[in-house]
Amino acid sequence: KSGEIASRNNANALNMLPKKLTWSKAAMKHPHNAFIVNIPVEVKEELYEAAMSAYEDGVSVDELDAAGYFPVDSFAALKSFSVSVRNSLLHETGLVLLKGLDLDTFSAMDELADPDQVVACSKLAYYIICSHIGTVDGSVRGKLFDVKNNHINAMDGKNDNVLFSVSDCEASWHTDGASKDKVYDCVGLLCINPSRVGGKSKITNSCNAFDQVENILPKFIMHELTRPIPRDILENGKGRGNDNIGTQLSRADSIMHLRISYNSYPIYVTQKGRMRFRYMRHWIETAHQKVHWRLPTMLRIAMDVLDDTLTEGCCFHERLERGDILICNNSCVAHGRDAFQDVPGQPSRHLVRAWMQCHGVDLYEASKR
């Protein structure tokens, strides 16, 4: 088992340029047919039973090693299903919306279950399926991260080191991860409580956008999207601001200048049918502001055209439903979210994010065939 884990970890995602996955016109016209996958009944039964068993044993997600905790033959159906999902994410569409996970089943399995127990069991089931699709990366913000409003405005310039994941404001087109030294192959979002007002998720293909933008922009402007560009620094942890003296010291102006200068990488990296897209315009703009650099005119024009092209290519703009699991290839697919409002007396919008490293698992599984 240790050799298997080592094989996965040795496949460094930064050194692996993913396949360029474009979408056909048919897929973009009929996204539900192209991207929605219903979870098979036998897979759901395995997940319900395993999650409830772990919960009853007092095992949390942070304590759970799905490969070592459960008997070897526990997930026969899930293992086969996960291979097909991972193949779709890395080699076909780059996007999967899993449907059919009934979170209220956990209430039916235990008549005394309270809402917190249902959430805990839902997270366990979600973690188990993610850990079969890839290796869940908990090195920066834990294995799972609660995406819900903590009443902090991420767009307010006075709020430094605040993630959009903890706010209710709009999140523009982006991929996850702002560090030069860390990339995530796939991003998963489980919907526990959908938004009541706003909060629709939106999806677009950044590979299709590249081909279109390349045909529009002159080369000297297109260069702005392929040269290293400084990004803001986001500290590990909960992303709710600078809540300790260590973080405050590390974000002093003189130190941030050095850190931001180092944290530079291209929006697009391309090479013979392979591509990596890493983008969130907000972190590019705040990086320039913090080091007192003017945002280059050519870069602004290039990002304006890119943003418009990504928006024009958006083929999914819907509110996730309870139990939905949306998984994106983080190099080929950009996602975003509308602003939302929680309604007093109603469950607050609550999604759960998982970052997965999948290429190493894919290579390891291919080597066994």
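These are legends for five close-up views of a predicted model.

**View 1. Helix α6 packs against helix α8.**
Two packed helices are described by the angle between their axes and the distance between the axes. Here α6 covers residues 76-92 and α8 covers residues 115-133; the angle comes out at about 65°, and the axes sit 8 Å apart. The crossing of α6 past α8 is right-handed. On the α6 side, the contact is made by Leu78, Lys79, Phe81, Ser82, Val85, Arg86 and Leu89. Their partners in α8 are Ile128, Ile129, His132 and Ile133. What mix of residue types makes up this contact? Sorted by type, the residues where α6 meets α8 come to seven nonpolar, two polar and two charged.

**View 2. Ser88, a residue of helix α6.**
Is Ser88 buried or exposed? Its relative accessibility is 15%, so Ser88 counts as buried, given that the cut-off for buried is under 20%. Skip everything up to four places away in sequence, and Ser88 still touches Thr93, Gly94 and Val96.

**View 3. Val343, in the loop between β16 and β17.**
The flanking strands are β16 (340-341) and β17 (350-357). With 29% relative accessibility, Val343 ends up as partly exposed, because that label goes to values between the buried limit of 20% and the exposed limit of 50%. Which residues does Val343 contact once its neighbours within four places in sequence are left aside? Those are Arg196 and Val197. Ser206 is another matter: 137 residues separate Val343 from Ser206 along the chain, and their C-alpha atoms are 34 Å apart.

**View 4. His151, a non-glycine residue with a positive phi.**
Most residues other than glycine have a negative phi. His151 has a positive one, at about 60°. Where does His151 lie? Look in the loop between β4 (145-147) and β5 (171-174). The relative accessibility of His151 is 70%, so this histidine counts as exposed; the cut-off for that label is over 50%.

**View 5. His292, in the loop between α13 and α14.**
Helix α13 (281-290) comes before this loop and α14 (297-312) comes after. Again the thing to check is the backbone: His292 is not a glycine, yet its phi is positive, at about 60°. How does His292 count, buried or exposed? A relative accessibility of 69% makes His292 exposed.

Note on methods: Residues numbered from 1 in each chain as written. Predicted model: local features only at pLDDT ≥ 70, side-chain atom pairs only at ≥ 80, totals over all residues. Heavy atoms only, no water. Axes fitted to C-alpha atoms, helices over the stretch in contact; angles between N-to-C directions. Helix = DSSP H or I, 4+ residues; strand = E, 2+ residues; numbered from the N terminus. Left-handed = near helix turned anticlockwise from the far one by under 90°. Contact = heavy atoms within 4.5 Å. Nonpolar A, V, L, I, M, F, W, Y, C, P; charged D, E, K, R; others polar. Buried < 20%, exposed > 50% of the residue type's maximum accessible area, 1.4 Å probe, protein only.
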